[in-house]
Amino acid sequence: MSRVIFPLIVVLVLIAIPILGVKVAGLHLLFGVVIPYVAFAIFILGFIWRVIYWAQSPVPFRIPTTAGQQRSLPWFKQSRWDNPFTTGEVIVRMALEVLCFRSLFRNKRIDFRQLPDGTPILRYSPTKWLWAFALLFHWSFLIILIRHIRLATVPIPGPIEFLDHLDAIFEIGLPQLYLTDLTILAGLLFLLCRRLFIPQLRYISLPADYFPLFLIISIVCSGMLMRYFLRTDIVGVKELVMGLVSFHPHAPVKDIGTIFFVHIFLVSCLFAYFPFSKLMHMGGVFLSPTRNLANNSRYKRHINPWNYPVKTHPYEEYEEEFREFMKQAGIPVEKE
Ligand code: HEM
């Protein structure tokens with residue numbers, strides 16, 4: 001249980017920090033400018049560091065995960081996206097993975113079932129819930145992030161306006177309800193409940209699995225509070241955000257509302273934490289040799305670029321050297 005409670009307490013403390021810092025100590029500049037900049041710098045530098053570190057790992061062999069027929073004789077139908085042979089096919093495979101989570105779609109559940117006569121059997125069954133909710137969460141997150149561009153631009157670019165309009169297409173309430181606010185919450189709650197209520201998953205889940213979920217849930221909740229319940233001075237927010245993105249930061253207007261500082265502080269924590277966490281799968285998927293390599297080893301000889309000349313001693317030479325001794329010892333030889 002402490003694996004759940006501990007990250008929850010950390011997130012609650014993170015929420016309390018800007019409330020105390022802004023409301024009690026009046027540190028608007030620190031929470032509105034300094035911390036977001038520092039967090040963003042950690043994010044960028046950390047991300048680059050992780051990518052360079054991974055890119056330095058030697059990949060001397062082609063090790064793509066194959067899940068279908070490889071390219072072979074013309075009368076065998078190749079499974080192009082599951083066993084790509086060309087770079088083009090790899091790109092399609094990668095795009096399907098990143099945009100549609102294809103490997104998760106193919107995920108299977110394994111459990112023991114009993115036949116009517118009591119014989120236990122291993123059963124593989126399709127499971128699409130994880131895929132559906134993971135997709136829902138990630139796409140909603142992306143759309144919300146893209147929509148946020150409106151906070152940093154005047155005038156708001158047409159495509160962002162359009163996305164905004166599309167997201168609030170049902171025109172429910174005022175301010176209008178964004179569908180992605182509901183879908184991201186649904187996705188996050190599913191991902192959390194699955195870890196909490198499936199015993200096998202609870203057993204393998206660590207604080208590092210719960211922490212990002214709690215953090216993102218609190219970012220979404222603080223954003224929704226700000227939009228739908230505790231209205232903030234959106235003009236003041238926009239001035240502040242435009243100052244930040246144009247590198248002409250200035251102290252935020254005091255009555256922006258504490259909830260905004262909570263939101264931006266939690267976002268800063270997420271950004272600073274990102275490069276050191278499992279969330280780096282966002283960058284890692286592109287560097288994964290099991291996904292980004294074409295399976296053409298039978299067609300093309302790949303020579304390890306780090307191979308050095310190895311001094312060999314083949315059997316022929318060995319026999320040449322020891323033939324007489326071998327004969328004396330009664331060991332059969334190839335040449336008399
Ligand atoms: C990980 C990044 C972020 C996430 C997941 C996130 C999430 C959200 C969500 C779910 C909302 C509710 C309304 C909506 O969907 O637009 C929201 C609102 C808001 N967010 Fe964020 N946010 C993020 C980053 C930021 C940043 C960096 C800022 C400003 C510097 C910001 C400022 C705001 C403001 C001002 C609102 C209220 C908008 C309104 O009243 O229409 N957010 N955020």
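Select Asp111 to begin: at 15% relative accessibility this residue counts as buried, where buried means under 20% relative accessible area, exposed over 50%, and partly exposed in between, with a 1.4 Å probe and protein chains only. The model is predicted, so local features need pLDDT of at least 70 and side-chain atom pairs count only at pLDDT 80 or more, while totals for chains, interfaces and linings use all residues. Residues are numbered from 1 along each chain as its sequence is written, and side-chain values use heavy atoms, with hydrogens and water left out.

**Salt bridges**

Add Arg109 to the selection, and you will find its side chain joined to that of Asp111 by a salt bridge of 3.3 Å, N to O; the term stands for a side-chain nitrogen of Lys or Arg within 4 Å of a carboxyl oxygen of Asp or Glu. Arg109, at 41% relative accessibility, counts as partly exposed. By this rule the structure has 15 salt bridges.

Next, select Asp209 and Arg195, whose side chains meet in a salt bridge at 3.8 Å, N to O. This pair links distant parts of the chain, 14 residues apart, with Asp209 in helix α9 (residues 207-229) and Arg195 in helix α7 (residues 179-197); helices (H or I, at least four residues) and strands (E, at least two) are DSSP runs, numbered from the N terminus. Both Asp209 and Arg195 are buried.

Then move to helix α13 (residues 315-328), which holds both Glu319 and Arg323, 4 residues apart, or about one turn of the helix. Glu319 and Arg323 form a salt bridge in which the closest N and O atoms are 3.2 Å apart, and both residues are buried. If you extend the selection to Glu320 and Lys335, you have one network of Glu319, Glu320, Arg323 and Lys335, joined by salt bridges that share partners.

**The second largest pocket**

Return to Arg109, and add Thr127, Arg194, Ile198 and Leu201: among the 14 residues that line the second largest pocket, these lie nearest its centre. On a 1 Å grid over the protein atoms alone, a pocket is an open set of points where a 1.4 Å probe fits, with protein on both sides within 12 Å along at least five of seven lines, and lining residues have an atom within 4 Å of a point. The second largest pocket holds about 430 Å³ of space, a volume being the space filled by probe spheres set on the points, with grid points joined across faces, edges and corners.

Colouring by element helps here, as β1 (108-114), α5 (129-147), α7 and α8 (199-204) each supply at least two residues of this lining, and β1 gives the most, with 4 residues. The lining divides into 7 nonpolar, 3 polar and 4 charged residues, where Ala, Val, Leu, Ile, Met, Phe, Trp, Tyr, Cys and Pro count as nonpolar, Asp, Glu, Lys and Arg as charged, and the others, Gly among them, as polar.

**Aromatic pairs**

Now display the aromatic rings, among which a search of the whole structure finds 22 pairs; rings of Phe, Tyr and Trp (its six-membered ring) pair if their centres lie within 6.5 Å, and planes under 30 degrees apart count as stacked, over 60 as edge-to-face and the rest as tilted. Phe43 and Phe274 form an edge-to-face pair, 5.4 Å centre to centre with 75° between the planes. Because Phe43 lies in helix α2 (residues 28-55) and Phe274 in the loop between α11 and α12 (281-284), the pair ties together parts that are 231 residues apart in sequence. Phe43 and Phe274 are both buried, and they belong to one aromatic cluster with Phe40, Phe47 and Phe271.

**Helix α11 and a loop**

Select Leu266 in helix α11, which is buried with a relative accessible area of 0%. Leaving out residues up to four places away in sequence, Leu266 touches Leu14, Ile15, Leu215, Ser218, Ile219 and Ser222, contact meaning heavy atoms within 4.5 Å. Thr258 is also found in helix α11 (residues 258-273), and with the sequence neighbours set aside in that way it touches Pro18, Ile19, Val22 and Lys23.

Finish at Asn292, in the loop between α12 and α13, which is partly exposed with a relative accessible area of 29%. Beyond its neighbours within four places in sequence, Asn292 is in contact with Val90, Met94, Phe286 and Leu287.
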